[in-house]
Structures are given as C-alpha cells and as structure tokens.
Amino acid sequence: MNLKNLLLSLTFLLPIPALAQSITPAQIEQFKSLPKAQQEALASQYGVDLSALGGVGQSTNQRPQPVQVVEPIRNQPTDETESKPEKQAEAEGSNKNGGLKPYGYDLFAGSPTTFAPVTEIPVPSEYTLGPGDVLRVQLWGKENRNLELPVSRDGSVSFPDSGPLSVAGLSFNEAREQIRNKVTEQYIGVQASVSLGELRSVRVFVLGEARNPGSYTVSSLSTLTNALFVSGGIQTTGSLRNIQHKRNGKLVGTLDLYDLLLKGDSRADNRLQPGDVIFIPPVGKRVGIGGEVYRPALYELKNETRLAELVQIAGGLTPQAYPQRVNIIRTNSDYLRVIAEADYTQPQGRNARVQAGDTITIPSISDITGQYVEIRGAATRAGKFAWMPGMRVSSIIRDVDADLVPEADKRYAAIVRTNPNTDTVSVLNLRLREAITRPGSEYDVQLEEKDTVLVFSDAGKVDGSENSENSENSENYTRENLFAPVLQRLKAQAAPSAPQQTIRISGAVRYPGEYPLPATRSVADAIFVAGGLKDAASLQQAEVARYTTDENGIGQTRIINLDLAEAMAGKSILKLRSRDTILIKSIPQFAQNRTVTLSGEVRYPGQYTFRDGETLKEVLNRAGGLTGNAFPEGAVFTREKLRQLEARRLREAEERLQGDLLGVQLEGDSFGGQSAEKVKQVESLLGDVQNSRPVGRMVIDLASVLEDEVYQSIRLQDGDALTVPIIPQSVSVFGEVQFPTSHLHEPGLTVDNYLQRSGGPTRQADENRVYVVKADGSVMLPEKSAWFGGRSQQLEPGDTVIMPINVDRLNQLELWTNVSQIVYQMALGAAAVGNL
C-alpha cells in the first residue's frame with residue numbers, strides 16, 4: 001500500500017506536525033477512504049496522530065454540524081431576494097386588490113445559502129437503503145468494535161471476516177435485523193447495535209413558478225416541502241394548491257400547501273427519490289377578503305368555495321365584525337364591476353358562492369352609539385364611561401387632584417350636549433370645583449346620555465421646562481382647541497329661526513376668543529368662560545358690539561356701553577345675543593414701569609422711575625444733580641428707539657457693502673491692477689460694520705439742560721440712559737493715521753498738531769474730509785487758515801479727531817464714506833460709556 005509505505009518512511013524522519021504538512025491532500029483523502037479500523041491500526045503501528053492529518057480518524061459518533069440550508073428573505077438584502085420586476089408586479093397587484101397580498105408565500109420565501117443535503121432529519125424505520133448510505137455497527141461484549149459499513153454500488157456492505165451482505169432495497173428495520181442475526185451467529189458473546197450514519201444524496205428538479213428553479217441536491221430523506229425551502233420558495237404567480245410531484249414523467253401526487261398552512265396536514269408531503277420533479281403550475285383563481293377577519297389576504301380557490309369556507313380560511317371573523325352586510329365586489333357577465341351584499345348571519349349568506357376575482361369586505365361595527373358619557377381634555381382618565389340615569393358630574397370626576405392633571409383649569413369646564421330629537425348641540429357652563437366638592441348641589445349638573453365634558457388647561461400652570469410632554473398636551477387642551485369642533489357645529493346648525501349661538505370676547509380677559517353663547521346670556525358668565533378678568537381690566541365701562549337689522553332688513557352694528565362693575569355683580573339687565581362681541585377695556589397705562597438710568601458723575605446714580613411727561617432735568621434734580629468732577633459737555637444720552645434705528649441702519653449698510661464688495665471682485669483689474677488691495681479694504685470696512693454695536697446716542701447739551709431755561713426740555717422715554725463722565729484730559733485721534741491713539745490735552749494745540757503727533761495720515765487717508773467729534777457727540781468740520789494753510793482750530797478735552805478713508809481711490813463709492821462715519825460715531829459713543 002502506497003500510503004502505508006509513505007507513513008512508514010516519514011515517521012522516522014519528520015515530527016508529526018511536519019508529517020501532517022508534508023502529506024498531500026490526495027493522500028489524505030486516500031487514507032480517509034480506508035475503514036476506520038484500518039486507519040487506527042496504521043496510526044497506532046506507526047505512531048501517527050490522526051488529528052494532525054486534518055481531522056482524520058475523529059469519532060464517527062460526533063453529531064454532524066447543523067447546516068442552514070435556507071436563509072429567510074427578511075435576513076437578506078432586498079436586491080438579492082426579489083428582482084425589481086417581481087417587486088413591482090407585487091406592488092401593482094397589491095394596489096389593485098385594495099392592499100391585500102397573496103396568502104402563504106412568505107413561509108417559503110428564501111434563497112438557499114448552501115446546496116448541502118439536510119442530514120439532521122430523523123431516519124424512519126421504513127427507510128429503504130441504497131448505494132451511498134452508511135451503516136454504523138457497534139459491537140460490544142466479548143469484543144468491542146465500531147464499524148462503518150458503506151453500501152456499495154452493488155447494494156452490499158462488506159462485513160469483516162464474513163464477506164459481503166446485500167442490503168439494498170431493504171428497509172432499515174430489515175437490514176438491522178439481518179446484521180444482528182449475522183453477528184449473533186458468527187460472534188459468540190457479542191451483541192450489535194445498528195444505526196444509520198451518512199445518508200445518500202439525491203438530485204431532484206424544482207421547476208415552474210419557483211423562485212429559483214433548477215436542479216438541487218438534497219438528502220434522501222427530503223420531502224417536497226424540503227425541496228421548496230431549498231429552492232427559495234414559490235413566486236406569487238405560482239400555485240400553492242396544486243404542486244405536482246412527478247416521477248419518470250408520471251404524476252405521483254399533488255400537494256396542497258393550504259392543508260399544511262391552515263391545518264398542519266403533511267400527509268401529501270411525499271418523500272423524494274432521485275430524478276423526481278417538483279412542478280409548480282401558475283396560480284389558479286384568486287379571491288380577496290379584507291376587513292374584520294384575522295388574516296385578510298388574497299386566497300387561491302381550488303374547487304367551488306362558499307363564503308363561510310373563505311371566512312374560515314381567513315381565520316374567522318373578529319369580534320368587531322358586522323356580519324349582516326358583507327360587501328362583495330365582483331365582475332358580472334358584461335365585464336362590469338358591481339357590488340353585492342350578503343347577510344352572513346343567515347344560511348343563505350354563508351352559502352353564497354364565491355367567484356374568481358371577488359373582493360369581499362367584512363365591515364366593522366360602528367363606535368359606541370349610546371349609554372355613555374365622555375370626558376375630553378386635561379383629565380387623568382379621559383375617555384368614555386358608562387351612563388346611568390341620574391348620574392352627575394361628580395359621578396365621573398370625584399377628586400379635583402386625582403382625576404384632573406396638574407395643568408387643568410379647575411374652575412371652569414363645559415358640557416356639550418346633543419339633542420337626540422334634533423341632533424343639535426348646546427353648551428352648558430360648569431363651575432368644576434364647586435361641582436366636585438359639593439356633590440348633589442346645583443353646580444353638580446346632572447348628565448344625560450352622550451354628554452361630553454370638556455376639561456381645559458390653565459395656561460398659568462403650564463411650565464414647558466419641566467415636562468415637555470405635559471406641556472404639549474396642555475397646549476392641545478386649550479379653550480381654542482377643544483371648542484373648535486363645537487363652534488363649527490354651532491355655526492353649521494344655525495338657521496334664520498335659530499341664530500348662531502356664538503359670541504366673541506376680547507380685551508383684558510385671560511383667554512380672549514370665540515365662545516358658545518352662555519345659556520344664561522349674562523356678561524358675567526361670558527367673562528367666566530373666558531377665564532375671568534385680568535387685573536388691568538377697567539371696571540368703569542365695557543362695550544358690546546351687536547349685529548342687528550333695521551326696519552328695511554339691512555344689517556348694521558350697534559355699540560352698547562356697559563358698566564362692567566354692575567355686570568359682574570349681576571345687576572345688569574343686558575342679555576347677550578347671537579354674534580355679540582364684548583370688549584373689555586384696559587386701564588390706560590396700567591402698571592407701566594418706565595425707567596431712566598443715571599450713571600457716572602451723578603450724586604445719586606441708579607434707575608429712576610419717572611412720571612408721564614417728566615423731563616431729564618427734573619429727574620436729575622431728584623438724583624441730587626451732578627458731582628464736582630462731572631464733565632457735562634461729554635455726557636452720553638442714549639435712547640432705545642434710536643438704538644433700534646441704528647441697528648437697522650447697520651443692517652442696511654452691511655447689505656449694501658456686501659453688494660459693493662461683490663461688484664469690486666467682479667470688476668477685477670479695472671482699477672489699474674489694484675483690485676486685490678481695494679477688495680481687502682472693503683472687506684475690512686465690512687468687518688468693522690459687522691462688529692459694530694448700536695448705541696442709540698442723542699446729542700444733548702447737558703449744561704444747557706440744567707441751567708438754560710430757554711433750552712428745549714428733554715421728555716424722557718422708557719429705556720433712556722444718561723452717563724456723565726469725569727472731566728477728561730485727553731484728545732483722541734482715530735481713522736487713517738499711522739498710530740491711532742489718545743493724547744494729553746495741551747491748550748493751544750490745533751487739529752493738525754494732534755494729527756502730526758499720531759504720525760500723520762496713511763496712504764488711504766482723505767485729508768480734505770477730516771472732522772472732529774466733540775465730547776458731547778456733535779461734529780465739527782475744521783477749516784484751513786487762509787494765512788497758514790492748516791487747520792488752526794484749537795481742541796478741547798474729550799474731543800476726537802477722525803481721519804476718514806479716501807473713498808475716491810475706491811471707485812468713488814460715497815456709501816463707504818457714510819458707513820465709515822456711522823462706524824466711528826458708534827465706536828465713540830461706546831467708548832465714551834465704557835471709559836467711565
């Protein structure tokens with residue numbers, strides 16, 4: 001034996017790991033083909049570790065590893081399981097049939113992950129042996145041996161020391177008995193246990209409307225359903241009720257998968273033999289059933305089917321089904337879709353014949369039609385409750401804290417009542433707290449059948465920061481939202497003889513809006529419905545706008561003045577009518593806290609509240625006037641409205657500068673090759689605009705305000721602020737100079753002197769447009785001297801010299817001059833405040 005010689009020659013030369021690596025795969029396969037006893041004998045004789053030869057000689061009693069033959073479709077990518085045309089066809093079919101899908105196809109829908117035969121199926125005793133099967137024989141007693149006896153092509157097994165034994169065509173039970181008898185006869189004191197090892201494989205064909213038609217290798221124990229799983233299932237165009245099993249061109253049997261799916265009956269699931277064909281014909285006639293059944297779907301018809309049989313196939317009726325009017329849509333003899341009905345509660349309806357193409361709908365019972373009351377809104381247990389005669393509001397809402405959510409308005413609720421005779425609605429106002437705490441009183445309204453209690457949320461109790469979900473629910477339970485369908489119903493049922501029962505209320509109430517007209521028609525109840533009066537409400541008077549018609553039938557509006565105090569006390573005789581609009585007036589300037597801020601060199605700085613029409617001088621006198629170090633010429637007075645105006649001007653300037661910047665960039669080198677420099681300058685100016693913050697400064701002469709009686713008085717506005725600086729000692733130079741900074745003020749120095757001290761102008765400076773911003777915020781344009789040609793005006797402490805940019809070098813855009821001045825002014829105002 002070549003392998004024997006190879007083992008013998010290598011055993012003394014190589015260690016076992018090297019030996020295992022030096023043997024070729026062909027030699028290993030040759031060694032594997034030997035009986036197990038011979039393998040062990042050779043390995044023991046030559047000291048070879050069988051495990052080093054790739055698992056040769058491992059115990060044959062080890063269970064075979066389970067093989068996943070079919071992977072379900074839901075675990076696969078969509079494009080691997082279904083082609084686009086197939087998915088599109090299924091979607092179109094589903095749309096045509098009201099969303100119903102064919103029944104049963106998902107069970108077998110999958111694609112094989114391997115074509116390995118299934119070996120984990122239990123072997124029945126009537127299994128017929130054939131070539132390729134392996135018998136495992138365990139001998140014990142006087143002699144202990146494990147034998148593996150493969151069935152050869154001639155149908156026999158080679159039994160040691162006794163020759164071949166023919167087993168092909170025998171059942172497993174018959175072969176087992178023969179082997180046991182043979183062992184008993186030939187071996188004294190030895191018993192045998194016989195089992196099946198590896199099974200032979202068979203090749204079958206799955207054809208027709210299979211998802212993956214073709215030839216498949218399966219276990220000899222496989223049945224029709226096993227092959228269907230391996231092939232990936234059946235397409236929706238294939239039949240589930242007429243799967244044909246053919247052998248040698250003849251029909252062996254048919255499989256109705258509905259018997260397996262609906263009844264668990266697998267009697268027709270025949271075992272396969274080599275060369276068998278499973279043919280799946282096109283689907284037969286189908287009928288759809290939907291609505292209140294447990295398995296709405298499209299079902300395939302096999303024979304004549306009655307409605308009761310179809311309902312049973314679909315799982316039966318649900319408890320919500322209304323069987324007295326089953327809807328059937330079918331095609332008549334003229335190929336027109338018609339509607340028929342069947343009463344499923346009657347024998348005639350249950351025996352109605354179902355035709356191919358029918359679409360049957362089992363309707364559902366309607367919602368609860370009577371014997372209930374309902375709670376909606378901010379209640380702990382909203383919903384419908386059983387109604388009993390004589391029950392009251394306190395019967396369903398017993399505790400203010402337990403039955404209502406924390407955000408609920410516990411003062412007011414509404415009862416929406418439907419008249420059973422006219423089907424019209426009306427609204428009753430309910431004092432909720434009194435109804436709950438005083439059961440049986442006049443406030444505890446007696447409920448009628450189908451009443452709806454609306455419990456509203458109180459906006460003052462809603463805090464969205466604590467619980468966002470509760471906040472959202474409370475917003476849904478507002479008077480506006482809960483009353484919306486009620487108001488729509490009241491408007492829809494209005495008629496000339498029954499005017500629209502709604503009113504509007506606006507002004508100083510907690511919840512202004514449109515409401516149902518109170519049954520009492522009193523103004524006090526209308527205000528109660530709207531949440532009550534605000535503290536800003538004026539009790540002196542209110543207005544009621546009423547729509548009326550004159551003697552000619554022409555509509556007009558009449559204004560009725562109302563003493564609100566009398567109305568709230570119940571002394572008013574005015575009764576509200578349809579479409580009245582109530583206006584609750586507010587107290588003029590109620591609780592308006594207008595303040596002015598005084599800071600800096602003020603004797604008593606702080607935030608002062610001023611009266612209507614009070615002036616800055618009067619408030620300064622209240623604050624004790626200015627200190628001895630005050631510099632009134634440099635006072636900064638700001639106003640909120642001016643700050644908002646400056647902010648708007650900054651936004652406009654920014655938008656225009658962005659447009660100009662784009663224009664400069666597009667023009668390229670049209671400026672004589674200096675485009676890049678000009679773009680940089682414009683970008684710098686744009687950055688200054690974006691970084692500027694509006695101050696809202698108004699130029700005033702504070703000294704004249706305090707001392708000159710003729711000087712115009714400054715009437716204060718809410719948000720005004722006055723900052724009085726200390727006496728300054730510097731003059732500042734900003735803009736296009738070499739070194740923008742502040743200099744110590746020296747008497748006699750002129751504008752040009754301070755410019756020279758800052759290094760003089762830069763190349764971008766416009767020397768002809770130099771201006772001076774005085775300490776009080778006013779602007780002075782210095783003029784050149786006729787004798788010396790320079791700016792000879794002397795500056796005072798706190799003045800600021802501005803050297804603007806030369807916009808003539810930048811395509812003469814006047815906008816940039818204006819923008820630069822705005823930026824400088826705002827910067828100076830902010831600096832004046834910040835330096836205090």
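This passage walks through a few features of a predicted model, from its nonpolar cores to a helix, a hairpin and a buried aspartate.

A good place to begin is the interior. The largest nonpolar core holds 42 residues, and within this core Ile 289, Tyr 299, Leu 307 and Ile 360 touch the most other members. Ile 289 shows how such a residue is surrounded: beyond its neighbours within four places in sequence, Ile 289 is in contact with Leu 100, Pro 296, Ala 297, Tyr 299, Leu 310, Val 311, Ala 314, Ile 360 and Ile 362. Two of these partners, Tyr 299 and Ile 360, also appear among the residues that touch the most other core members. Another core, of 36 residues, lies apart from the largest one, and Val 425, Val 486, Leu 490 and Ala 537 are among its residues.

Helix H8 comes next. This helix covers residues 172-186, 15 residues in all, and spans 21 Å from its first C-alpha to its last, close to the 21 Å expected at 1.5 Å a residue. Its buried residues are Phe 172, Ala 175, Ile 179, Lys 182 and Val 183. Viewed down the axis of H8, these buried residues fall within an arc of 95 degrees, so they line one face of the helix. What do they pack against? The partners are four strands: S3 (134-141), S5 (156-159), S6 (163-166) and S7 (190-196). On the other side of H8, Thr 184 and Glu 185 are exposed.

Further along the chain, strand S8 (residues 201-208) and strand S9 (residues 214-219) run antiparallel and are joined by six bridges. Together S8 and S9 form a hairpin, with five residues between the two strands. As a reference point within this pairing, Val 204 stands opposite Tyr 216 in S9.

The last stop is Asp 409, which is found in strand S22 (residues 408-418). Is Asp 409 buried or exposed? Its relative accessibility is 1%, and since buried means under 20%, Asp 409 counts as buried. The side chain of this aspartate has polar partners there. One is the backbone nitrogen of Arg 411, which the Asp 409 side chain reaches at 3.1 Å. Another is the side chain of Arg 479, with which the side chain of Asp 409 makes a polar contact at 2.9 Å. Leaving out residues up to four places away in sequence, Asp 409 touches Leu 432, Phe 456, Ser 457, Asp 458 and Arg 479. Arg 479 is thus named both as a polar partner and among the residues touched by Asp 409.

Technical notes:
Residues numbered from 1 in each chain as written. Predicted model: local features only at pLDDT ≥ 70, side-chain atom pairs only at ≥ 80, totals over all residues. Heavy atoms only, no water. Core = buried A, V, L, I, M, F, W, Y, C linked by side-chain atoms within 4.5 Å. Buried < 20%, exposed > 50% of the residue type's maximum accessible area, 1.4 Å probe, protein only. Contact = heavy atoms within 4.5 Å. Polar contact = N/O pair within 3.5 Å; in protein donor to acceptor, adjacent residues only side chain to side chain. Expected span 1.5 Å × (residues − 1). Arc of directions from axis to C-beta. Pairing = 2+ DSSP bridges.
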